[in-house]
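This report covers chain shapes, chain-to-chain contacts and helix packing. The structure comes next.

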Amino acid sequence: MIRPHDSVIVHTLARVFTPIIQLFALYVLFHGHYSPGGGFQAGTLFAASVILPIIVFGIQGSLIVLERRAIILGGIGILLYAGIGLVPLILGEEFLNYGELPIPGMEASARRHWGILGIEIGVAIAVAATAVSIYYSLRERGEGEGK
Amino acid sequence: MADILLYRPHFVAFIILFLLGIYIMVVNLNLVKKLIGMYLMQTSIILFFITLAVKRDGTIPILVSSATALPPEAYANPLPHVLMLTAIVVGVSTLGVSLAMVIALYRQYNTLEEDEILGKMK
Amino acid sequence: MTLFDDYLLLLLAVVMALGAVFVRDLFSGVLTLAAYSFFLALLWAGLGAVDVAFTEAVVGAGLSTVFFLVALFLTSHEEKVRKQLQVKIMALGSLGCLGFLLLFGSVDLPVVGDPESLPSKHVSSHYLRKSLEETDTPNVVTAVLADYRGFDTLGEATVIFTAGLACWMLLRRRDDSAP
């Protein structure tokens, strides 16, 4: 059984760092076009900001319902990615051709820009949810005797 | 062959790390040590691909504005970077599944050594 | 980044890798592996691969260390020392031959840093030239990852999701309900 930590320094730092990590994850996601970053790094950083309170405060310190159902959010992220790719296919162009997304008033390169942002958001949701789900599976179901 | 060590140490380091990973996976009987060897193999191959993408006097592959367009020789080759991004993430997913298998084996047989598990299975 | 910096970081990475595998306590081994990951990330950032270095530092040194440590908490963390002289001699012999062959083959590889080497021609120069006007994205790695090679990234995201599902299914117990 992994016991939660009982030092004031660790508790305070965890409380301070969790929103900072989430803000940094959002920054990395939306600036993936202009600086190193993108969906995978942002998703993992967001997962770190969810895993840190679990490690420090114990499993009661976070929303236990969220971790058990986190894998569903992973599927939603993949569906977002594939959905943005399917819209051009339905309209008659190729799969994953963001230049033909039906956004009015933009030229093809700007449509690609927003298409890339959309799928990066989908990838970040999928990676964050899956990392939290793997951590939860390894920790909560790994202890005790077998069936 | 001496110039390999002098001017291209990346390939020598790649060979050392790759063979070290294989050696640990083959010789060691502890399951988690084998996974450490697998991780060493994966990262050594990523090092090899990144070395192939380096350009002398080149900078990072983020374009400056298109008004002052630099030729492609001024940027590092971005294609191996993209492939290696995929490789890192797939590697960590494989690691997660392997660790889940190790935990399930420990729950059943209460040991992490390969020969003890094989003995208890008989 | 001069050759001396490359030498130093490569030497440190190899020393960390040797430390990670030849240590008996698995906790120390895993944390030394995290240090090895960080040195590799520094080296790649110096070689110009900033996106890969960021991902390795976050995913490789961060997430995989957390997974390893959780797995070690729930199992044992001492390794038993064996004497397996025959296996070790055979492994060293065959891997030594393989290493020699690889060294021989690496003579024909392009010089490190050559801008006219074959991997830098054809498609890669097209991506570097046309990425800004075709996709409005200065970061060429993101443009290639998400637009030009978007199908591979869809497969990769599916692989991650499948790994999460597999972990959940492997560690189920008899009285578990579905999420």
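Domain bounds here come from an automatic or database domain assignment. On that basis chain C is divided into domain 1 (1-81) and domain 2 (123-173). The C-alpha centres of domain 1 of chain C and domain 2 of chain C lie 24 Å apart.

This is a predicted model: local features need pLDDT of at least 70, side-chain atom pairs count only at pLDDT 80 or more, and totals for chains, interfaces and linings use all residues. Residues are numbered from 1 along each chain as its sequence is written, while chains are lettered from A and ligands numbered from 1 in the order in which they are written.

**Chains B and C**

Helices (H or I, at least four residues) and strands (E, at least two) are DSSP runs, numbered from the N terminus. Chain C has 7 helices and 0 strands. Its element order from the N terminus is α-α-α-α-α-α-α. Chain B has 5 helices and 0 strands, in the order α-α-α-α-α.

The radius of gyration of chain B is 20 Å, well over the 14 Å that the globule rule gives for 122 residues, so chain B is more spread out than a compact globule. The radius is taken over C-alpha atoms, and the rule is 2.2 Å times the number of residues to the power 0.38. For chain C the radius of gyration is 22 Å, against near 16 Å for a compact globule of 179 residues. Along the principal axes, the C-alpha atoms of chain B fill a box of roughly 70 × 40 × 15 Å. The C-alpha trace of chain C spans about 55 × 50 × 25 Å.

**Interfaces with chain C**

Two residues are in contact if their C-beta atoms, placed from the backbone, lie within 7 Å. Ala, Val, Leu, Ile, Met, Phe, Trp, Tyr, Cys and Pro count as nonpolar, Asp, Glu, Lys and Arg as charged, and the others, Gly among them, as polar.

| Side touching chain C | Contact | Classes |
|---|---|---|
| Chain A | 48 residues with 43 residues of chain C | 24 nonpolar, 16 polar, 8 charged residues |
| Chain B | 71 residues with 78 residues of chain C | 52 nonpolar, 13 polar, 6 charged residues |

On chain A, helix 2 (39-57), helix 4 (70-90) and helix 5 (108-140) each give two or more residues to the side that touches chain C. Helix 5 of chain A gives the most, with 18 residues. On chain B, the corresponding elements are helix 2, helix 3 (31-52) and helix 4. Helix 4 of chain B supplies the largest share, 23 residues.

**Helix pairs between B and C**

Axes are lines fitted to C-alpha atoms, for helices over the stretch in contact, and angles run from 0 to 180 degrees between N-to-C directions. Angles under 35 degrees count as roughly parallel, over 145 as roughly antiparallel, 65 to 115 as roughly perpendicular and the rest as oblique.

The axes of helix 4 (residues 78-109) of chain B and helix 3 (residues 50-74) of chain C come within 10 Å and cross at roughly 5 degrees. That makes the two helices roughly parallel. Their contact includes B:Leu85, B:Val92 and B:Leu99 from chain B, and C:Val59, C:Leu63 and C:Phe67 from chain C. By class it has 16 nonpolar, 5 polar and 2 charged residues.

Helix 2 (residues 9-27) of chain B and helix 4 (residues 85-105) of chain C also have axes within 10 Å, crossing at roughly 155 degrees. They are therefore roughly antiparallel. Among the residues that meet are B:Leu19, B:Ile22 and B:Tyr23, with C:Ala91, C:Leu95 and C:Leu98. This contact has 12 nonpolar, 1 polar and 1 charged residues.
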